[in-house]
Amino acid sequence: MASATNFFDFKPLDKKGGEKDLNEYKGKVVLVVNTASKCGFTPQYAGLEKLYKDIIAKHPDQFVILGFPCNQFGSQEPGTDDDIQSFCQVNYGVSFPILGKTDVNGDNAAPLYKWLKTEKPGLMGIKSVKWNFEKFLIGKDGKVKNRWASTTKPESLEASILEEISKESA
């Protein structure tokens, strides 16, 4: 999708294998996270869910987290899309959308992730995702505002997210 100019131009696969039109999130602040069920960072699901609930309680319809399960790091997301959905719900009560399993690096990387990494390269300009639970913050204008490493705890992102929510829509 070389013509993409912002986040809302993409249509990644949803949990059923169909296209998910990200245009439905236009005007919202979006936190994109590549997730895994069998990773040392998996407990971040709890922090992400708390962050999501806390922010939408104060700012309904202005924020969403999108989880993109990925099996590229140590095969830590081996299950089917249905297994992943069940795991997230049963173990962490996840209420934000978990989309279809996604490659974030390599030749088969999802177009969305190719774009995210180009827009906001990592440390020293590296254009790859280093591990599970890397996070990208998308503003209401569809532009990448920030990127955080896997080690960054979800609760530490609240101020940055609220700052983006407080900005006028593009």
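Let me start with Glu 158, which at 22% relative accessibility counts as partly exposed, and which in this predicted model forms a salt bridge with Lys 58, the closest N and O atoms being 3.3 Å apart. Because Glu 158 sits in helix α4 and Lys 58 in helix α1, the pair ties together parts that are 100 residues apart in sequence. Lys 58 itself is exposed, its relative accessible area being 53%.

A search of the whole structure gives 7 salt bridges, and I would like to set two others beside that one. Within helix α1, Lys 53 pairs with Glu 49, with the closest N and O atoms 3.2 Å apart; these two residues are 4 residues apart in the helix, so they are separated by about one helical turn. Lys 53 is partly exposed at 42% relative accessibility, whereas Glu 49, at 6%, counts as buried, because the cut-off for that label is under 20%. Further along the chain, Glu 164 forms a salt bridge with Lys 167, where the closest N and O atoms are 2.8 Å apart; here Glu 164 is buried, with a relative accessible area of 8%, and Lys 167 is partly exposed at 38%.

Now to the interior. The largest nonpolar core has 44 residues, and Phe 7, Leu 31, Val 32, Phe 63, Leu 116 and Ile 161 are those with the most contacts inside it. At least two residues of this core come from each of β1, α1, β2, α2, α3, β3, β4 and α4. Taking Phe 63 as an example, and leaving out residues up to four places away in sequence, its contacts include Leu 31, Tyr 52, Ile 55, Ile 56, Ile 161 and Ile 165.

What about a polar residue, Asn 34, which lies in strand β1: is Asn 34 buried or exposed? Asn 34 is buried, with a relative accessible area of 0%, and its side chain reaches the backbone nitrogen of Glu 134 at 3.0 Å. Beyond its neighbours within four places in sequence, Asn 34 is in contact with several residues, among them Phe 68, Cys 70, Tyr 113, Trp 131 and Asn 132.

Trp 131 and Asn 132 bring me to my last residue, Cys 39, which touches both of them and also Gln 76, again not counting residues up to four places away. An unreviewed UniProt entry lists Cys 39 under "active site", an annotation that may be inferred rather than shown by experiment. In the model, Cys 39 lies in the loop between β1 and α1, and at 9% relative accessibility it counts as buried.

Technical notes:
Residues numbered from 1 in each chain as written. Predicted model: local features only at pLDDT ≥ 70, side-chain atom pairs only at ≥ 80, totals over all residues. Heavy atoms only, no water. Buried < 20%, exposed > 50% of the residue type's maximum accessible area, 1.4 Å probe, protein only. Contact = heavy atoms within 4.5 Å. Core = buried A, V, L, I, M, F, W, Y, C linked by side-chain atoms within 4.5 Å. Polar contact = N/O pair within 3.5 Å; in protein donor to acceptor, adjacent residues only side chain to side chain. Salt bridge = Lys/Arg side-chain N within 4 Å of Asp/Glu carboxyl O.
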